[in-house]
Amino acid sequence: MMRNLFLLPAAVAFKRGARVLPRVRGGALSSTATAQHFIDDVNAQYEALHTDFEAQFWGTKMALSTDHEPLSGPKRAYSVAELTKTKQAMEAFLGDEAKLETARALLAATDDAEEKKTLELMTRAFGCYIMESEEAKALRASATETEGALESARNSMTLGATFDGAFEELSSVALRSRMRVDGDETARKACYDGLRSIGSFVVEHGFVELVKKRNAMAKALGYVDYYDYKVTQAEGFGKAQLFGMLDELERASRPIMEAARETLAADKGADALEPWNRGFAMAGDITRKLDPYFPFEKAVEVWGRSFAAMKITYKGASMDLDLLDRKGKYSNGFCHWPQPAWRRSDGSWQPAVTHFTSLADPSAVGSGMTGLVTLMHEAGHAAHFANTDVRSPLFSQERAPTSVPYAELQSMFLDSLVGDAAWRGTYAKSRGGDVVPWALLEEDLTATHPYKVLALRSMLSVPYFEKALYEMADEDLTAASVAALADAVEEDIEGGLGPRPLLSVPHLLSDEASCYYHGYVLAEMAVHQTRAFVEKRDGFLVDNPKIGPTLTDAFWRPGNTEPFLDLVEQCTGAPLSGDAWVAALGVPLDELLASEKAAYDAAVAAASAASTDVDLDMRVRIVDGDAVLADTAGSSFLEACAAFESYVTEKYPAPK
């Protein structure tokens, strides 16, 4: 059990492991300075524990050595055991009932508005982690150990596909990418089978037991199940309210999904509905044609220019970008903050330190666009949490009580721009500097717009699967039943098996990301609502200099101090709904082509000479595991981009 290390002045009595009650004099605490002392101590200790855990998270996920030079802090030895230890220490701190009682007592005693605001948020944060049941605490510790062992096994799993009788080791990202673009159906089927093997592996290596332990823990705390526990912690409302919103979107989009599948089968043949064929049938050919206009080695520069044009800055942050795929690396892109940004009690600013990863294989067709979208998305997360300006690091990180869709909204808003014809007319250029021609964009829109609803349904399938999974009785949970449930949900929600098998979704395994995917759905609703708001207000999105200030003021600066639904309504002037998303899916193709062609023509005509440098107010270090490829600490942003470009083109030469 973790010791309570913070010190309180004489005005507060403290007993380890017991309730903390204020000593009162004449019915009030002797000094309001007590509250600030408590706040400062909690902030300092949480910051240290958070940093220790995040260092291990990054080191184990990136398979770093003890020689790795971190952006901040000492060199460390990285291991799953240390990851588990530091996570448990951080959660023990957050789950200490004494801190919650102290925060409540001090909140009742102080009249200082800033102290009240911070203490209110601290009580909310601690409340998300308090486990009054000893049984629940034991189950949580056991689940964490099971999760660590499962993730370790998954990270070391030999994954790939057999082509022409020879097994080729490929990551899940590489399998999905090849399945979208390979012209050989046999190869696509092999990639799909490789992805399916992930599900078979995880259900045989502890996932079923993990589900049982998570559910038992949540029920010991009085929740309906683990999903209800997770969503209530993060959103402040329960599973029933969440699925009330999702059910409305599911009903509104089902007819569009059914029509899209009928159209795809009529245009491309019934085989196009097979999960290994669907992505290729919709866009395999056009993905290959667009590939030269999205060279991966230019992705960092393009991200920087695009964000700078929108006046997005990072307030003095530092960032490690680990962008290239390699063996042993975690199989999903993410952005975490070993150092949260926050405003100290003396008014000084603590900039963020960001860890950011994707899994690009620059030699693979389509990797440039995939890598760029991931970069725009994760860099959006980084911009969000670099700009959170509140009085505690507790309120500038992605864990509860931070809302999942709140954390995803801004990043998804920013990566959505890559699909706009105006953005592509500005930034999608070949290695020789030629702008992507309209004819290719028209072909792409024609191939994809009628089927975009399928992506919505794919997103919906994850929360519906996890909901059903955690509602299963323990006696019904087996490797076979979980695998069957995944297929049944895909059949129902997606109309058939999807190209991304549900059990290959990495979010299912991690405590931080499990029962989380609904956040992407709610966030996408908010993305379309925010896009519609900005377009109505300003008339355009791409390179709009008002976007950075708007996102900063409306969403980023408050951190998790305000509810997600309130922030969306305050920004857009309307309650969150899926109306804008469904409306976008329903735009007739000829109308969409006309509006996008006009936006593309205007963007190409307005293109001006590239600026001499990009200023994001951030140090950027581009790494590949332990190796540092480029660093803006000793160069300009564009010089660092040039160094990265040289590294990529040398390591992954373009085919002749």
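## A tour of charges and rings

Select R178 first: this residue is partly exposed, with a relative accessible area of 26%. The model on screen is predicted. Now add E168, whose side chain meets that of R178 in a salt bridge, N to O 3.4 Å. E168 lies in strand β4 (residues 166-169) and R178 in helix α6, so the bridge ties together parts that are ten residues apart in sequence. E168 is partly exposed as well, at a relative accessible area of 34%.

Follow α6 (172-181) into the loop that leads to α7 (185-204), and pick D184 there. Its relative accessible area is 39%, so D184 counts as partly exposed. Extend the selection to D164, E185, D271 and E274: together with D184 they gather in a patch of negative charge on the surface.

**Other salt bridges**

The count of salt bridges comes to 46. Go to R326 and D322, where the closest N and O atoms of the bridge are 2.8 Å apart. The two ends differ in cover: D322 is buried, with a relative accessible area of 0%, while R326 is partly exposed at 22%.

Next, select R343 and D389, a salt bridge with its closest N and O atoms 2.9 Å apart. This pair links distant parts of the chain, with R343 in strand β7 (residues 342-343) and D389 in the loop between α13 (367-386) and α14 (404-416), 46 residues apart. Then show K87, E91, R140, E147, R214, D511 and E512, which are joined into one network by salt bridges that share partners.

**Aromatic pairs**

The structure holds 19 aromatic pairs. Select Y226 and Y470: the ring centres are 5.0 Å apart and the planes stand at 45°, so the pair is tilted. Y226 belongs to helix α9 (residues 226-235) and Y470 to helix α17 (residues 452-471), so the contact ties together parts 244 residues apart in sequence. Both Y226 and Y470 are buried.

Move on to W438 and Y600. Their ring centres are 5.7 Å apart with planes at 45°, so this pair is also tilted. W438 sits in helix α16 (residues 438-448) and Y600 in helix α23 (residues 589-606); the pair links distant parts of the chain, 162 residues apart. Are these two rings on buried or exposed residues? W438 counts as buried at 12% relative accessibility, and Y600 counts as buried at 9%.

For the last stop, select F53, F57, W58, Y330 and F334, which form one aromatic cluster.

Note on methods:
Residues are numbered from 1 along each chain as its sequence is written. This is a predicted model: local features need pLDDT of at least 70, side-chain atom pairs count only at pLDDT 80 or more; totals for chains, interfaces and linings use all residues. Side-chain values use heavy atoms; hydrogens and water are left out. Patches are made of residues with over 30% relative accessible area and no salt bridge: like charges are joined within 9 Å, nonpolar side chains (Val, Leu, Ile, Met, Phe, Trp, Tyr) within 5 Å. Accessible areas come from the Shrake-Rupley method with a 1.4 Å probe; for residues, only the protein chains shown count as cover. A salt bridge is a side-chain nitrogen of Lys or Arg within 4 Å of a carboxyl oxygen of Asp or Glu. Lys and Arg count as positive and Asp and Glu as negative; His and the chain ends are not counted. The place of a charge is taken as NZ of Lys, CZ of Arg, CG of Asp or CD of Glu. Helices (H or I, at least four residues) and strands (E, at least two) are DSSP runs, numbered from the N terminus. Buried means under 20% relative accessible area, exposed over 50%, partly exposed in between (1.4 Å probe, protein chains only). Rings of Phe, Tyr and Trp (its six-membered ring) pair if their centres lie within 6.5 Å; planes under 30 degrees apart count as stacked, over 60 as edge-to-face and the rest as tilted.
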